[in-house]
Amino acid sequence: VNPADRLPRIRAHAGRPRPAPDQALETALQADDPRTALMIRLAAFLGLRCREIARVHTSDLEHDGQGWTLHV
C-alpha cells in the first residue's frame, strides 16, 4: 500500500522560457574575466545548464583532429 496515494494531487505549471535580451548577452560576453565569458558562451550558445557548466573540467575536452569536443 502506498500512503502517498491518499495525498492531494498538486498540479505543476509548465515553465515559460525567459531568454536574455541580445543586448544583455553582448554586455555579458564583454566581461573582463575570460572564465565568466566562457560560462556565458556555454549557456547561451550550447544550452548547458548551470550545474553542467559548474562541472566542466579540462578533462572533459577531447581533441578530435578537426577541433575540440566537450563531453557533458
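1. Let's start with what counts as a salt bridge here: a side-chain nitrogen of Lys or Arg within 4 Å of a carboxyl oxygen of Asp or Glu. Keep in mind that this is a predicted model. With that criterion, a search of the whole structure turns up 1 salt bridge.

2. The partners are Arg49 and Glu52, whose side chains come together at 3.4 Å, N to O. That pair qualifies because the cut-off is 4 Å. As for solvent, Arg49 has a relative accessible area of 59%, so it is exposed, while Glu52, at 26% relative accessibility, is partly exposed. Neither one falls in the buried class, because that would take a value under 20%.

3. On to the helices. α1 covers residues 22-29, and it packs against α2 at an angle of about 150 degrees, the two axes lying 9 Å apart. On the α1 side, the contact uses Leu25, Ala28 and Leu29; α2 brings Ala37, Ile40, Arg41, Ala44 and Phe45. Sorted by class, that makes 7 nonpolar residues, 1 charged and no polar ones.

4. If you're after a cavity-type feature to look at, the largest pocket has a volume of about 250 Å³. Its lining consists of Arg35, Leu38, Met39, Leu42, Ile53, Val56, His57, Thr58, Leu61 and Leu70. By class, the lining splits into 7 nonpolar, 2 polar and 1 charged.

5. Which helix gives the most to that lining? It's α2 (residues 34-46), with 4 residues. So α2 turns up twice in this note: it helps line the largest pocket, and it packs with α1.

Technical notes
Residues are numbered from 1 along each chain as its sequence is written. This is a predicted model: local features need pLDDT of at least 70, side-chain atom pairs count only at pLDDT 80 or more; totals for chains, interfaces and linings use all residues. Side-chain values use heavy atoms; hydrogens and water are left out. On a 1 Å grid over the protein atoms alone, a cavity is a set of points where a 1.4 Å probe fits but cannot get out, and a pocket is an open set with protein on both sides within 12 Å along at least five of seven lines; lining residues have an atom within 4 Å of a point. Grid points are joined across faces, edges and corners, and a volume is the space filled by probe spheres set on the points. Helices (H or I, at least four residues) and strands (E, at least two) are DSSP runs, numbered from the N terminus. Ala, Val, Leu, Ile, Met, Phe, Trp, Tyr, Cys and Pro count as nonpolar, Asp, Glu, Lys and Arg as charged, and the others, Gly among them, as polar. Axes are lines fitted to C-alpha atoms, for helices over the stretch in contact, and angles run from 0 to 180 degrees between N-to-C directions. Contact means heavy atoms within 4.5 Å. Buried means under 20% relative accessible area, exposed over 50%, partly exposed in between (1.4 Å probe, protein chains only).
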